[in-house]
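Here's a quick briefing to read with the model open beside you. We'll go through rings, charges and strands in turn.

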Amino acid sequence: MNDTVIPAPTPTTLPVAGDSARFPVRRVFCVGRNYAAHAREMGADTREPPFFFTKPADALVPTPASIAYPRATQDLHHEIELVVAIGKGGADIATEDALSHVWGYGVGLDLTRRDLQAGFKAKAHPWDMAKAFDQSAPISPLVPAAKIGHPDKGVIALSINGVEKQRGDLADLIWSIPETIAALSRFVALAPGDLIFTGTPEGVGPVRHGDKLLGKVEGVGELQLDVR
Ligand code: MN
């Protein structure tokens, strides 16, 4: 691309564990609530259909990393999540075919300006500036399903400065990974390079200056993030 009127943005790519080749990212989708105990802690119904929001691909931060505390919030929250990396696109994907569209998995943080989100919810305004800000999506190296399979159970947890804050199990997802992919593909045609943050278990809470975050999903990997 050598004929652009301003410099073209660099495509976002993510490291792949054990491979020099990288995963090219197209879009980042996120599930709003997907663990019953977290839905309850946010004051929500636990049986409503999944809903989705997005973050820009350049909000991703490959980890381990150190980031500055984000601007425009006094109440940054952590949400540890299993991330699905789509390798094969499609619309109206059947639940039973959904895993064949998955290239691999990662461990992600859906960083959230909870104070702004609460205000937007109260006014029925969009969540974007609470969710889709710069560096709002730290993520581990991705691992191919060809290597680890398709996790449907296992611990998902986050600790801060060595103290555990969130702990759940992938088996407790309200909407399973195949159901989530099928549901999202009814709203948009999924494409290779799309990521899906699949929701967080209970225990969300504040991140402060100087915190060291360690997230884990059993069988998938680890995420290390320092917040300056
Ligand atoms: Mn989330």
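Which ring does the charged end of R113 sit over? The ring of F133, at 4.3 Å from its centre. Keep in mind that this is a predicted model. Across the structure there are 4 aromatic pairs and 9 salt bridges, and the points below pick out some of them.

**Charges over a ring**

- F133 has a second visitor besides R113: the charged end of K55 also sits over the F133 ring, 5.9 Å from its centre.
- K55 itself is buried, with a relative accessible area of 4%, and K55 turns up again under salt bridges.

**Aromatic pairs**

- F51 and W127 make an edge-to-face pair, with 5.6 Å from centre to centre and 85 degrees between the planes.
- F51 comes from the loop between α1 (36-41) and β4 (52-55), while W127 comes from the loop between α2 (114-123) and α3 (128-131), so this contact ties together parts that are 76 residues apart in sequence.
- Buried or exposed, where does W127 fall? W127 counts as buried because its relative accessibility is 17%, and the cut-off for buried is under 20%.
- F51 is partly exposed, at a relative accessible area of 24%.
- W127 also pairs with F53, this time in a tilted arrangement: 5.6 Å centre to centre, with 55 degrees between the planes.
- That second pair links distant parts of the chain too, since F53 is in strand β4 and W127 is in the loop between α2 and α3, 74 residues apart.
- Both F53 and W127 are buried.
- Put the three rings together and you get one aromatic cluster of F51, F53 and W127.

**Salt bridges**

- K55 forms a salt bridge with D110, and their closest N and O atoms are 2.8 Å apart.
- Here strand β4 supplies K55, and the loop between β9 (102-109) and β10 (112-113) supplies D110; the two are 55 residues apart, so distant parts of the chain are linked.
- D110 counts as buried, at 0% relative accessibility.
- R114 and E79 form another salt bridge, with the closest N and O atoms 2.8 Å apart.
- This one also joins distant parts of the chain: R114 is in helix α2 and E79 is in the loop between β7 (76-78) and β8 (80-86), 35 residues apart.
- R114 is buried, with a relative accessible area of 8%, and E79 is buried as well, at 2%.
- Which residues are linked in a network of salt bridges? They are K55, E79, D110, R114 and K131.
- Elsewhere, the side chains of E222 and K216 meet in a salt bridge at 3.9 Å, N to O.
- E222 counts as partly exposed at 42% relative accessibility, and K216 is partly exposed at 40%.

**An open sheet**

- Look for an open sheet of 5 strands in the order β6-β18-β17-β13-β14, with mixed pairing.
- Its edge strands are β6 (65-67) and β14 (163-169), each of which pairs on one side only.
- Ignoring direction, neighbouring strands of this sheet are turned by 20 degrees against each other on average.
- Inside that order, β13 (residues 155-160) and β17 (residues 212-217) run antiparallel and are joined by 5 bridges.
- To find your place there, L158 stands opposite G215 in β17.

Notes:
Residues are numbered from 1 along each chain as its sequence is written. This is a predicted model: local features need pLDDT of at least 70, side-chain atom pairs count only at pLDDT 80 or more; totals for chains, interfaces and linings use all residues. Side-chain values use heavy atoms; hydrogens and water are left out. Rings of Phe, Tyr and Trp (its six-membered ring) pair if their centres lie within 6.5 Å; planes under 30 degrees apart count as stacked, over 60 as edge-to-face and the rest as tilted. Helices (H or I, at least four residues) and strands (E, at least two) are DSSP runs, numbered from the N terminus. Buried means under 20% relative accessible area, exposed over 50%, partly exposed in between (1.4 Å probe, protein chains only). A charge sits over a ring if NZ of Lys or CZ of Arg is within 6 Å of the ring centre and within 35 degrees of the ring normal. Two strands pair if DSSP finds at least two bridges between them. Axes are lines fitted to C-alpha atoms, for helices over the stretch in contact, and angles run from 0 to 180 degrees between N-to-C directions. A salt bridge is a side-chain nitrogen of Lys or Arg within 4 Å of a carboxyl oxygen of Asp or Glu.
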